[in-house]
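Here are my notes on this one, set out as numbered points. Have the structure open while you go through them.

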Amino acid sequence: MITTEELTADRPDIDPDRFGAESGALSLTSATFDIDGDGLLDTQSFEVDDALIVATDTDGDGDADHLTIVDADGEYSAWEFHRDADGRERWERVDEGGLDR
Ligand SMILES: [Ca+2]
Ligand SMILES: [Ca+2]
């Protein structure tokens with residue numbers, strides 16, 4: 001998939017309704033939070049349609065390693081990014097549920 005700087009300037013290119021194991025690497029272009037307190041910005045939160053997405057790059061390579069998607073109904077799903085030895089990239093869902101039940 002090819003993305004231009006124009007498309008990714010403000011937020012990563014992601015469709016929360018279609019996100020899944022095969023969605024591929026998600027590069028973080030403008031992290032604004034330092035979740036682990038090491039002085040390096042690692043996390044970006046943004047909205048796509050009515051979904052809130054929080055993406056964290058835990059190893060500092062510029063690609064998100066952890067992703068949480070909260071949709072307009074309060075349903076959430078959490079994902080971890082894995083790059084296999086053969087180079088295959090996939091997201092694994094590690095958690096899901098509703099925030100208010
Ligand atoms: Ca950090
Ligand atoms: Ca990373």
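**Notes on the fold**

1. Let's start with the first hairpin. Strand 1 and strand 2 are paired antiparallel, with six bridges between them. One of the pairs to look for is S45 and V54, the latter being the bridge partner in strand 2. Keep in mind throughout that this is a predicted model.

2. The turn of that hairpin deserves a look. Two residues sit between strand 1 and strand 2, and D49 in the turn has a positive phi of about 55°. D49 is not a glycine, and its phi is positive all the same. Is D49 buried or exposed? It counts as exposed, because D49 has 9 C-beta neighbours inside 10 Å, and 12 or fewer is the range for that class.

3. D50 belongs to the loop between strand 1 and strand 2, as does D49. D50 has 10 other C-beta atoms within 10 Å, so it is exposed too. Which residues does D50 touch, once neighbours within four places in sequence are set aside? The contacts are D71 and A72. For D50 and D71, the sequence separation is 21 residues, while the C-alpha atoms are 6.2 Å apart.

4. Now step along to V54, which lies in strand 2. With 18 other C-beta atoms within 10 Å, V54 is partly exposed; a buried residue would need 20 or more. Beyond its neighbours within four places in sequence, V54 is in contact with T43, S45 and T68. S45 is the residue already met as the bridge partner of V54. As for T68, it is 14 residues from V54 along the chain, and their C-alpha atoms are separated by 5.1 Å.

5. On to the next pairing. Strand 2 and strand 3 run antiparallel and are joined by five bridges. Going through the pairs, A55 stands opposite L67 of strand 3, and T56 has H66 as its bridge partner in strand 3.

6. Zooming out to the whole sheet: in what order do the five strands lie? The order is 1-2-3-4-5, in an open sheet with antiparallel pairing. Strand 1 (43-48) and strand 5 (89-98) are the edge strands, each pairing on one side only. Ignoring direction, neighbouring strands of this sheet are turned against each other by 20° on average.

7. At the other end of the sheet, strand 4 and strand 5 run antiparallel and share nine bridges. Y76 is matched with G97 in strand 5. The hairpin of these two strands has five residues between the strands, and among them G87 takes a positive phi near 90°. Compare the first hairpin, where the positive phi of about 55° falls on D49.

8. Why does strand 5 lie largely in the open? Of its 10 residues, the number buried is one, so most of strand 5 falls outside the buried class. Strand 5 is also one of the edge strands.

9. What makes up the largest nonpolar core? It has 11 residues: L26, L28, I53, A55, A64, L67, I69, V70, W79, F81 and W91. Strand 2 (51-56), strand 3 (66-70) and strand 4 (75-83) each provide at least two residues of this core. The largest share, three residues, comes from strand 3. A55 and L67, which stand opposite one another, are both on the core list.

10. Finally, the chain overall. There is one helix and there are five strands, and the pattern along the sequence is α-β-β-β-β-β. Of the 101 residues of the protein chain, 16% count as buried. Looking at contacts between residues at least 6 apart in sequence, 28% of them join residues at least 24 apart.

Methods: Residues are numbered from 1 along each chain as its sequence is written. Chains are lettered from A and ligands numbered from 1 in the order in which they are written. This is a predicted model: local features need pLDDT of at least 70, side-chain atom pairs count only at pLDDT 80 or more; totals for chains, interfaces and linings use all residues. A nonpolar core is a set of buried Ala, Val, Leu, Ile, Met, Phe, Trp, Tyr and Cys residues joined through C-beta atoms within 7 Å. Helices (H or I, at least four residues) and strands (E, at least two) are DSSP runs, numbered from the N terminus. Two strands pair if DSSP finds at least two bridges between them. Axes are lines fitted to C-alpha atoms, for helices over the stretch in contact, and angles run from 0 to 180 degrees between N-to-C directions. Two residues are in contact if their C-beta atoms, placed from the backbone, lie within 7 Å.
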